[in-house]
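I opened this notebook to record what I looked up, beginning with strand pairing and moving on to the core, the salt bridges and the backbone.

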Amino acid sequence: MKGGICMYIHNDAFILHSHHKIVQNESVASKTMNRLSSGLKVHSSADDASGLAISEQMRGQIRGLSQAQRNIQDGMSLIKATEEGLVKIQGILQRVNELAVQSANDTMTASDRENAQMEVTELLQTVDDTAKNLEFNTIQLLGPENEHEVATAPNGSAPKLLLHVGANPRQTYEIELFDVRTENLAVKEASILTQKEASELITKTQNSVNKISHQLARIGSYYEALEHHFLNNSYYEANLTLSESLIRDADMAKEAFSFLSVTIRQQADQMLVTQANQQPKKVLSLVTG
């Protein structure tokens, strides 16, 4: 000690403190730059372990909901195809009923009834062809059974389709299809060659038309229910996406301000280190002066 002035040769606490602040600010600046460049607040578990776990779980739900909405849209397309087939068959049966009413009138001759019978036969064959050939992604919609993995009851009831309409297990919706073959509609090989047969066919075709009308009403209810499922999933997905964004996405304005702040601190720390590095020269001048 000389003149009340202390000088330490081996260590300078002022320089060490400034260097520590530079390293600390560089780490903060690096993280801020990563957030600005990627737009993410949580890059890895080191950033926010619990937040990352919650975010990943939400992402799984979001992707599941997105796929469920596509499933529902496929189901709605299937229902529309089924509806069009039923409407076509409804029109055919109404024409058969019209011919039956015509042939039930005794003003019709045997020759007239034979001509009408040919049309009835062709119309009923068209019903069977529609039941056989109307498909959606190779799934038979109006026939006796599905060619794929569809549960068919042993008593001959219509096959059923299960649509997965949610992101979680057991969130399904069941669609029951309908067999519109003439055999199932009780009009197979129908005849109008006599007045009695024509009168009987009137009753049969009216019953068949009523069956088709019932199925059209049920198909409409299926479509409406799927629309509600689709909208619910859409709202749920939007809310989850917002929540996931709040956890994982960076606030760009906040991060930009943070980057500006840490840059200013880095420059100030560098100035302090530069100033601290001048101290040995001053001390040396005092010693050698």
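I first fixed the criterion for pairing: two strands pair if DSSP finds at least two bridges between them. The model I am reading is a predicted one, and I keep that in mind for every entry below.

**Entry 1, the strands.** I looked up β3 and β4 and found that they pair in the antiparallel sense, over 5 bridges. For one register point I followed L162, whose bridge partner in β4 is E174. I then asked which residues of β4 lie on its covered face and which on its uncovered one. Y173 and I175 make up the covered face, while T172, E174 and E176 make up the uncovered one. I noted beside this that in a regular strand the side chains alternate between the two faces of the sheet.

**Entry 2, a bridge across the strands.** E174 came up again when I turned to the salt bridges, since K160 forms one with E174, the closest N and O atoms being 4.0 Å apart. K160 lies in strand β3 (residues 160–164) and E174 in strand β4 (residues 172–176), so this pair ties together parts that are 14 residues apart in sequence. Both ends are partly exposed, K160 with a relative accessible area of 31% and E174 at 40% relative accessibility.

**Entry 3, the other salt bridges.** The count for the model comes to 8 salt bridges, and I looked up several more of them. K80 and E83 form one in which the closest N and O atoms are 3.3 Å apart; both residues lie in helix α2 (residues 49–103), 3 residues apart, about one turn of the helix. K80 is partly exposed, with a relative accessible area of 37%, and E83 is also partly exposed, with 29%. In the bridge between R181 and D179, the closest N and O atoms are 2.8 Å apart. Is each partner buried or partly exposed? R181 counts as partly exposed at 29% relative accessibility, whereas D179 is buried, with a relative accessible area of 8%. I also recorded a network of salt bridges that links R95, E98 and E119.

**Entry 4, the nonpolar core.** The largest nonpolar core has 42 residues, and those that touch the most other members are I175, V180, L185, I192, I212 and L226. The elements giving two or more residues to this core are α2, α3 (110–133), β3, β4 and α4 (195–248), and the largest share, 12 residues, comes from α2. I175 thus appears twice in my notes, once on the covered face of β4 and once in this list of core residues. I chose L185 for a closer look: leaving aside its neighbours within four places in sequence, L185 is in contact with L93, V127, F178, V180, S208, K211 and I212. V180 and I212, two of these contacts, are themselves in the list of residues that touch the most other core members.

**Entry 5, backbone angles.** I finished with two residues that have a positive phi although neither is a glycine. R170 has a phi of about 65°; it is found in the loop between β3 and β4 and counts as exposed, at 76% relative accessibility. A186 likewise has a positive phi of about 65°, but A186 is found in the loop between β4 and α4 and counts as partly exposed, at 46% relative accessibility.

Conventions
Residues are numbered from 1 along each chain as its sequence is written. This is a predicted model: local features need pLDDT of at least 70, side-chain atom pairs count only at pLDDT 80 or more; totals for chains, interfaces and linings use all residues. Side-chain values use heavy atoms; hydrogens and water are left out. A salt bridge is a side-chain nitrogen of Lys or Arg within 4 Å of a carboxyl oxygen of Asp or Glu. Helices (H or I, at least four residues) and strands (E, at least two) are DSSP runs, numbered from the N terminus. Buried means under 20% relative accessible area, exposed over 50%, partly exposed in between (1.4 Å probe, protein chains only). A nonpolar core is a set of buried Ala, Val, Leu, Ile, Met, Phe, Trp, Tyr and Cys residues joined through side-chain atoms within 4.5 Å. Contact means heavy atoms within 4.5 Å.
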